Amino acid sequence: MAKVSAIQKNKRRRNLVARDAAKRAALKAITHNQELPIEERFRATLKLAELPRNGSKVRVRNRCQVTGRPRAYYRKLGMSRIALRDLGSMAKVPGLVKSSW
């Protein structure tokens, strides 16, 4: 079996989050509503636990789209500092001016 890259895993997680977002939000609203009976809230908690783990928003990691690196990630550009520096040195990032590094 081929090894799946971290970028592909993260992309799959983003798709699961988007697919299950409405269902997860509805179940969480039920569990946090104190006016409902405890049995109904507990059933909602069990249904929430049955959903796939990777469908939770906290499981998605910001990763560089070039290298897959999870650290030093620039949200605005969608890449890590290392990839930004490499592409900036080759003048492939518009608007980036190399000062000294």
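This report describes the fold, surface, charges and selected residues of one predicted protein chain.

In this predicted model, local features need pLDDT of at least 70 and side-chain atom pairs count only at pLDDT 80 or more, whereas totals for chains, interfaces and linings use all residues. Residues are numbered from 1 along each chain as its sequence is written, and side-chain values use heavy atoms, with hydrogens and water left out.

## Overall architecture

The chain contains three helices and two strands, arranged from the N terminus as α-α-β-β-α. Helices (H or I, at least four residues) and strands (E, at least two) are DSSP runs, numbered from the N terminus. The radius of gyration of the chain is 20 Å, against a value near 13 Å for a compact globule of 101 residues. That radius is taken over C-alpha atoms, and the globule rule is 2.2 Å times the number of residues to the power 0.38. Along the principal axes, the C-alpha atoms fill a box of roughly 65 × 40 × 20 Å.

Of the 101 residues, 24% are buried. Here buried means under 20% relative accessible area, exposed means over 50%, and partly exposed lies in between (1.4 Å probe, protein chains only). The exposed surface of the chain amounts to about 8,100 Å², of which carbon and sulfur atoms supply 54%. Accessible areas come from the Shrake-Rupley method with a 1.4 Å probe; for residues, only the protein chains shown count as cover. Among contacts in the chain with a separation of 6 or more, 36% join residues 24 or more positions apart; a contact means heavy atoms within 4.5 Å.

## Charged side chains

The chain carries 26 positive and 6 negative side chains, and the centres of the two sets lie 18 Å apart. Lys and Arg count as positive and Asp and Glu as negative, while His and the chain ends are not counted. The place of a charge is taken as NZ of Lys, CZ of Arg, CG of Asp or CD of Glu.

A salt bridge is a side-chain nitrogen of Lys or Arg within 4 Å of a carboxyl oxygen of Asp or Glu, and the count by this rule comes to one. The pair is Asp20 and Arg19, with an N to O distance of 3.1 Å. Asp20 counts as buried because its relative accessibility is 3%, whereas Arg19, at 56%, counts as exposed.

Arg41, in helix H2 (residues 38-50), is buried yet has no salt bridge; Glu39, the nearest side chain of opposite charge, is 8.0 Å away. Beyond its neighbours within four places in sequence, Arg41 is in contact with Ile30, Thr31, Asn33, Gln34 and Leu36.

Arg14 belongs to helix H1 (residues 6-32). Leaving aside neighbours within four places in sequence, Arg14 contacts Val60, Arg61 and Asn62. From Arg14 to Leu87 the C-alpha distance is 26 Å, with their positions 73 residues apart in sequence.

## Strand S2 and helix H3

Ser80 is placed in strand S2 (residues 79-80) and counts as buried because its relative accessibility is 0%. Not counting residues up to four places away in sequence, Ser80 touches Cys64, Thr67, Arg69, Arg71, Ala72, Tyr73 and Tyr74.

Arg81 is found in helix H3. With residues up to four places away in sequence not counted, Arg81 touches Arg69, Ala72 and Tyr74. The C-alpha atoms of Arg81 and Gln65 are 12 Å apart, and the two residues are 16 apart in sequence. Arg85 is also placed in helix H3; its C-alpha atom is separated by 8.8 Å from that of Lys98, 13 residues away along the chain.

The relative accessible areas of three arginines are listed below.

| Residue | Relative accessible area | Class |
|---|---|---|
| Arg14 | 37% | partly exposed |
| Arg81 | 44% | partly exposed |
| Arg85 | 39% | partly exposed |

## Residues with positive phi

Ala72 has a positive phi of about 55 degrees although it is not a glycine. Ala72 is placed in the loop between H2 and strand S1 (73-74) and counts as partly exposed, at 33% relative accessibility. Ala91 likewise has a positive phi, near 60 degrees, in a residue other than glycine. The place of Ala91 is in the segment after helix H3 (81-89), and its 68% relative accessibility makes Ala91 count as exposed.
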